[in-house]
Amino acid sequence: MSRLMVVDDDPGVRETLRELVQLCCQDYHPVAEASNGLEAVELALALDPDVILMDIRMPILDGIQATRRIKQELKCRSVVITFTSYAWPELEREAREAGAAFHLRKPFALEELQKTLAEAAKLWAES
């Protein structure tokens, strides 16, 4: 079972993502939630989740900066999936350069989330 951390500054979004994962992605177990990028970095270091679902636009430390710290500075094995409602290609490019393996645009379909989480689990297992 893969351990998942959900990161978003909106508590409603975190709750919805957690519930969707619990209902439709039984191979995942949510182990932590963070409301900003700084919390995400701290929790990633402490808990070493397999996969991190990370919003890009957040206070204190955004998802791109947090991903950069988690992947490049801390060298965590976690597979990062970024997401945002902004349809700017440069955000996806920046997220991937920071270390995100996948990127979703909100709103995303449940099937897209399931497929991406399945791919993330395979990628983590191969690392």
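User: What makes both faces of strand 4 count as covered?

Analyst: This is a predicted model, and what follows is computed from it. Buried means under 20% relative accessible area. On one side of strand 4, Val 79, Ile 81 and Phe 83 are buried, and on the other side Val 80, Thr 82 and Thr 84 are buried as well. Both faces are therefore covered by that cut-off.

User: How many residues of strand 4 are buried?

Analyst: In strand 4, 6 of its 6 residues are buried, and the strand is described as mostly covered.

User: What about strand 3: which of its residues point which way, and are they buried or exposed?

Analyst: Val 51, Leu 53 and Asp 55 point one way, Ile 52 and Met 54 point the other way, and all are buried. That makes 5 of 5 residues in strand 3, which covers residues 51-55.

User: How do you know that strand 3 and strand 4 pair, and in what sense?

Analyst: Two strands pair if at least two bridges are found between them. Strand 3 and strand 4 have 5 bridges, in the parallel sense, so they meet the condition and are called paired. Two places show it: Ile 52 stands opposite Val 80, and the bridge partner of Leu 53 in strand 4 is Ile 81.

User: Which other strands pair with strand 3 or strand 4?

Analyst: Strand 1, residues 2-7, pairs with strand 3 in the parallel sense over 4 bridges. Met 5 stands opposite Ile 52 there. Strand 4 pairs with strand 5, residues 102-105, also in the parallel sense and over 4 bridges. In that pairing Ile 81 stands opposite Phe 102.

User: Why is the path from strand 4 to strand 5 called right-handed?

Analyst: The chain crosses from strand 4 through helix 4 to strand 5. A crossover is right-handed if, with the strands pointing away from the viewer, the path over the helix runs clockwise. This β-α-β crossover is right-handed, so its path runs clockwise in that view. Strand 3, helix 3 (residues 63-73) and strand 4 also make a right-handed β-α-β unit.

User: What makes a group of residues a nonpolar core, and which residues touch the most other members of the largest one?

Analyst: The members must be buried residues of certain kinds, Ala, Val, Ile and Met among them, joined through side-chain atoms within 4.5 Å. The largest core has 21 residues, and Met 5, Val 7, Ala 40, Ile 52, Met 54, Ile 64 and Ile 70 touch the most other members. Strand 1, strand 2, helix 2, strand 3, helix 3 and helix 4 each supply at least two residues of this core. A second, separate core has 17 residues, including Tyr 28, Phe 83, Phe 102 and Ala 120.

User: What is Val 7 in contact with, leaving aside its neighbours within four places in sequence?

Analyst: Among its contacts are Ala 34, Ala 40, Ile 52, Met 54 and Phe 83. Contact here means heavy atoms within 4.5 Å.

User: In what order do the elements of the chain run?

Analyst: The chain has 5 helices and 5 strands. From the N terminus on, they run β-α-β-α-β-α-β-α-β-α.

User: Why is the chain called as compact as a globular protein of its length?

Analyst: Its radius of gyration is 13 Å, and the globule rule gives 14 Å for 127 residues; the two values are close, so the chain is as compact as a globular protein of that length. The C-alpha trace spans about 30 × 30 × 25 Å along its principal axes. Of the 127 residues, 43% count as buried.

Conventions
Residues are numbered from 1 along each chain as its sequence is written. This is a predicted model: local features need pLDDT of at least 70, side-chain atom pairs count only at pLDDT 80 or more; totals for chains, interfaces and linings use all residues. Side-chain values use heavy atoms; hydrogens and water are left out. Buried means under 20% relative accessible area, exposed over 50%, partly exposed in between (1.4 Å probe, protein chains only). The radius of gyration is taken over C-alpha atoms; the globule rule is 2.2 Å times the number of residues to the power 0.38.
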